[in-house]
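Work through the exercises below with the model open. Try each task before reading its solution.

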Amino acid sequence: PDNNNVPPSSSSSSHLPQYVKNNLDKYGYEYYCNICAIGFTKEKNYQQHIAGRKHAQMKADEAISWHDFITDCPTWVTMMMTDQDCDTDNTTTTKNDDKDTVLLDVCTKWRESELSLFPHDHSCIDTSLTISDLSPQLRARFWRYLRDSFGMHYPELPKIIHYISLRDSQYLRVKELFETCEAFQIIGNIIASTTSDDVDDNVEVDCIYDLACGHGLLGILLAYRFPTKKVVCVDLEERKSYHVFKSAFVTLGESYQNRTPLSNLEYRVDDLRNIQEEVVESSFLVSIHACNEANKYVADMSRKANAGWAVMPCCIRSGLYLRGASILDLSSEDRYKVLCGVFAEANDARLVRKISRDITARPIIIARWGMLSDRSSCAGEEGGGSRDSLEFVVKRGAMPPL
């Protein structure tokens, strides 16, 4: 049989990632295709699978994945790797006491459940953990996350992250990278939706503000995705991490219609409230994990100009919205959920989404855009709309409809 598709009882099962082994135990599979990430209880079904067209295509893609990983992130390949350590199944191995031990899996498609494998501090990914702190196995899986999440339209993104890891790895905090990339996908799709010809109440966004931007990576990603829109990052201090990220995108990023990457990006050292006078209907305000009143300022400034906004609150003071009501006997997490709901209703939110709880204890994104003539169309499953109403491509310059 194919060396990469083995019964779990075989000695080769040591080549399987731990989360795959867990699934084998959970579902009682006797056979498992590591390439396609699918298990079987009967050998007959397993043999039919590996003889099929889908498996053949996945195996061809596997070889491409390994080549791309080496090209994108050469130093993330373990230093112990030698030419003879690359097996024909394109899985990196090294010799240890005469036993093969697989170090890197760049071929299995990324699953959100893998976030639980990254080192945690309490219930979330350790906030101090950087890319350089990760094991080679986890760095390889992070590469696969970038490839599967952005590779169709941003194949250069892993190479940009690798470039930073060689020069300023202290700024590549794993939790912040996952958090920002996940928020970017949701918020970027909302902004892209404002150009849809199918939605009558939309005003196309021409200026995006990343408020209380911190390291500025979200603003950079938005400026990179929307090269014809102005993006302004605002914070009380300018961090070196912003310049590190920006420099990497300018150096390795792809130009769009002969524009230098990020030529549409601006940074201001200022209080976020001072942008009020320039916010207009075609603006879009974003803030990730700003505290207390900052989220309210974002929503208030947007409302005055009928502009769109999206926030991922870090904390919300109950006194801002509950008018004296007390919140008692609730855990911090439950209190956060309640206040996010109150905030969403108080500010006519059109969408409430969340990213993985493994990434952050504050995972909820709340957003409003358009004229809100039909809030139910985006209200989610309980409100009669579709939870996936904003799931569309993230291509640079492309503005797909809802």
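**Exercise 1. Find which residues the ring pairs link into a cluster.**

Solution. This is a predicted model. Start with the ring pairs: they join W110, F118, F142, Y145, F150, Y154, F178, F184, Y224 and F249 into a cluster. Then take the total: the count comes to 19 aromatic pairs.

**Exercise 2. Classify the aromatic pair of Y224 and F249, and place both residues.**

Solution. Step one is geometry. The ring centres of Y224 and F249 are 5.3 Å apart, and the planes meet at 70°. Planes over 60 degrees apart count as edge-to-face. The pair is therefore edge-to-face.

Step two is location. Y224 belongs to helix 7 (residues 217-225), F249 to helix 8 (residues 240-252). The pair thus ties together parts 25 residues apart in sequence.

Step three is burial, with a cut-off of under 20% relative accessible area. Y224 has 3%, so Y224 is buried. F249 has 1%, so F249 is buried too.

**Exercise 3. Do the analysis for F69 and W143: what is the ring geometry, and are the residues buried or exposed?**

Solution. The ring centres of F69 and W143 lie 5.3 Å apart. Their planes stand at 70°, so this pair is edge-to-face.

Now place the residues. F69 sits in helix 3 (residues 53-72) and W143 in helix 4. They are 74 residues apart, so the pair links distant parts of the chain.

Finish with accessibility. F69 is at 0% relative accessibility and counts as buried. W143 has a relative accessible area of 0% and is buried as well.

**Exercise 4. Describe how helix 4 and helix 6 pack.**

Solution. Two numbers are needed, because packed helices are described by the angle and the distance between their axes. For helix 4 (residues 136-150) and helix 6 (residues 174-193), the angle is about 5° and the axes are 12 Å apart. Angles under 35 degrees count as roughly parallel. Helix 4 is therefore roughly parallel to helix 6.

Next, list the contact residues. Helix 4 supplies F142, Y145, L146, S149 and F150. Helix 6 supplies L177, F178, C181, E182, F184 and Q185. Sort them by class: eight are nonpolar, two polar and one charged.

**Exercise 5. Decide where to read the model with caution.**

Solution. Begin with the average: the protein has a pLDDT of 82, and 78% of the residues score at least 70. Then look for weak stretches. Residues 79-102 fall below 50, yet this stretch has 44 contacts beyond near neighbours in sequence. Residues 372-402 are also below 50, with 70 such contacts in the model. Where pLDDT is low, the predicted coordinates should not be read in detail.

Note on methods. Residues numbered from 1 in each chain as written. Predicted model: local features only at pLDDT ≥ 70, side-chain atom pairs only at ≥ 80, totals over all residues. Heavy atoms only, no water. pLDDT = per-residue confidence, 0-100. Contact = heavy atoms within 4.5 Å. Axes fitted to C-alpha atoms, helices over the stretch in contact; angles between N-to-C directions. Helix = DSSP H or I, 4+ residues; strand = E, 2+ residues; numbered from the N terminus. Parallel < 35°, antiparallel > 145°, perpendicular 65-115°, else oblique. Nonpolar A, V, L, I, M, F, W, Y, C, P; charged D, E, K, R; others polar. Phe/Tyr/Trp six-rings, centres within 6.5 Å; stacked < 30°, edge-to-face > 60°. Buried < 20%, exposed > 50% of the residue type's maximum accessible area, 1.4 Å probe, protein only.
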